[in-house]
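User: I am new to this structure and would like a close look at one part of it. Please pick a strand, and explain how it is held and what lies around it.

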Amino acid sequence: MLRIPAPIHRFVLRMVQPVRLRLWGLLARQVEGIMVLGFADDGRLVLVRHSYHLPDQWLVPGGGRHPHEDILTAARRELAEEVGCTLHDPVHLGRIVRAMPQGWTNRIEVVSGRITGTPIADGREIIAAALHDPAALPAQTHASVREYLALRAGLER
């Protein structure tokens, strides 16, 4: 199989993403997504930076859910694809629905669990991956991360 060099792959993703989002809006699409709060044994949270989507922000791993794919299966797959880690004991925390500015709807299933393995960026879709203390997140952490952590904290009470 032909493997596109990482710099070209990242460039294509950056160019295609705005077009894809606009098309979703024109189609009034409802996108099924997964976001994963993956915690190492020491309590640190996996965060990533994408090459094409908010590259200056730390986000949790995640992505699209395949049609008819179970939520927990999708969470395991996305974590493995994005950072090479394995998700254990996943728990579905709930759904967040967002109306996006381009006119599409993002239905995000939030999953939390324990991870094994060292998070590694693939250099294509993910340009950085690291473990962070949830109580001391980097300044460039996207607000959605705190929203997902609050959802988890609310369910643990």
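Analyst: Two strands are said to pair if DSSP finds at least two bridges between them. The model described here is a predicted one.

The part chosen is strand β2, residues 45-50. Its partner is strand β6, which covers residues 126-132. Six bridges connect the two strands, and they run antiparallel. One facing position can be named: Arg49 of β2 is opposite Ala128 in β6.

How enclosed is β2? Five of its six residues are buried, so the strand is largely enclosed by the rest of the structure.

Arg49 also has a place beside a ring. It lies over the face of Trp58, 5.8 Å from the ring centre. A second arginine is set in a similar manner elsewhere: the charged end of Arg152 is over the ring of Phe39, at 4.1 Å from its centre. Pairs between two aromatic rings are absent, the count for the structure being zero.

Two loop residues reach the strand. The first to describe is Pro119, in the loop between β5 and β6. Its relative accessible area is 9%, and the cut-off for buried is under 20%, so Pro119 is buried. Pro119 and Val46 are 73 residues apart along the chain, yet 7.1 Å separates their C-alpha atoms. Leaving aside residues up to four places away in sequence, Pro119 touches Val46, Val83, Cys85, Ala129 and Leu131.

The other is Thr141, which belongs to the loop between β6 and α3. Thr141 is at 6% relative accessibility and therefore counts as buried. With the residues up to four places away again left out, Thr141 touches Leu47, Gln57, Trp58 and Arg146. Trp58 is thus a contact of Thr141, and its ring is the one that Arg49 lies over.

Strand β2 also helps to cover a helix. The elements that cover the buried residues of helix α2 include β1, β2, β3, β4, β5 and β6. The buried residues of α2 are Ile71, Ala74, Ala75, Arg77, Glu78, Leu79, Glu82 and Val83. In an α-helix there are 3.6 residues a turn, so residues three or four places apart point the same way. Val83 appears both among these buried residues and among the contacts of Pro119.

Helix α2 itself runs over residues 71-83. At 1.5 Å a residue its 13 residues should span 18 Å, and its end C-alpha atoms are 18 Å apart, so the two values agree. The N-terminal end is capped by Asp70, with a side-chain oxygen 3.0 Å from the backbone nitrogen of Leu72. Gly84, just after the helix, takes a positive phi of about 75°.

Most residues other than glycine have a negative phi. Two residues around this helix can be set against that. His68 is not a glycine, but has a positive phi of about 65°. It is placed in the loop between β3 and α2, where it is exposed at a relative accessible area of 85%. Asp89, also not a glycine, has a positive phi of about 50°. Its place is in strand β4, and with 58% relative accessibility it counts as exposed.

To put the part back together: β2 is joined to β6 by six bridges, and five of its six residues are buried. Pro119 touches Val46, while Thr141 touches Leu47. Buried residues of α2 are covered by elements that include β2.

Notes
Residues are numbered from 1 along each chain as its sequence is written. This is a predicted model: local features need pLDDT of at least 70, side-chain atom pairs count only at pLDDT 80 or more; totals for chains, interfaces and linings use all residues. Side-chain values use heavy atoms; hydrogens and water are left out. Rings of Phe, Tyr and Trp (its six-membered ring) pair if their centres lie within 6.5 Å; planes under 30 degrees apart count as stacked, over 60 as edge-to-face and the rest as tilted. A charge sits over a ring if NZ of Lys or CZ of Arg is within 6 Å of the ring centre and within 35 degrees of the ring normal. Buried means under 20% relative accessible area, exposed over 50%, partly exposed in between (1.4 Å probe, protein chains only). Helices (H or I, at least four residues) and strands (E, at least two) are DSSP runs, numbered from the N terminus. The expected span of a helix is 1.5 Å times one less than its number of residues. Contact means heavy atoms within 4.5 Å. A polar contact is a pair of N or O atoms within 3.5 Å; within protein, one must be able to donate a hydrogen and the other to accept it, and residues adjacent in sequence count only if both atoms are side-chain atoms.
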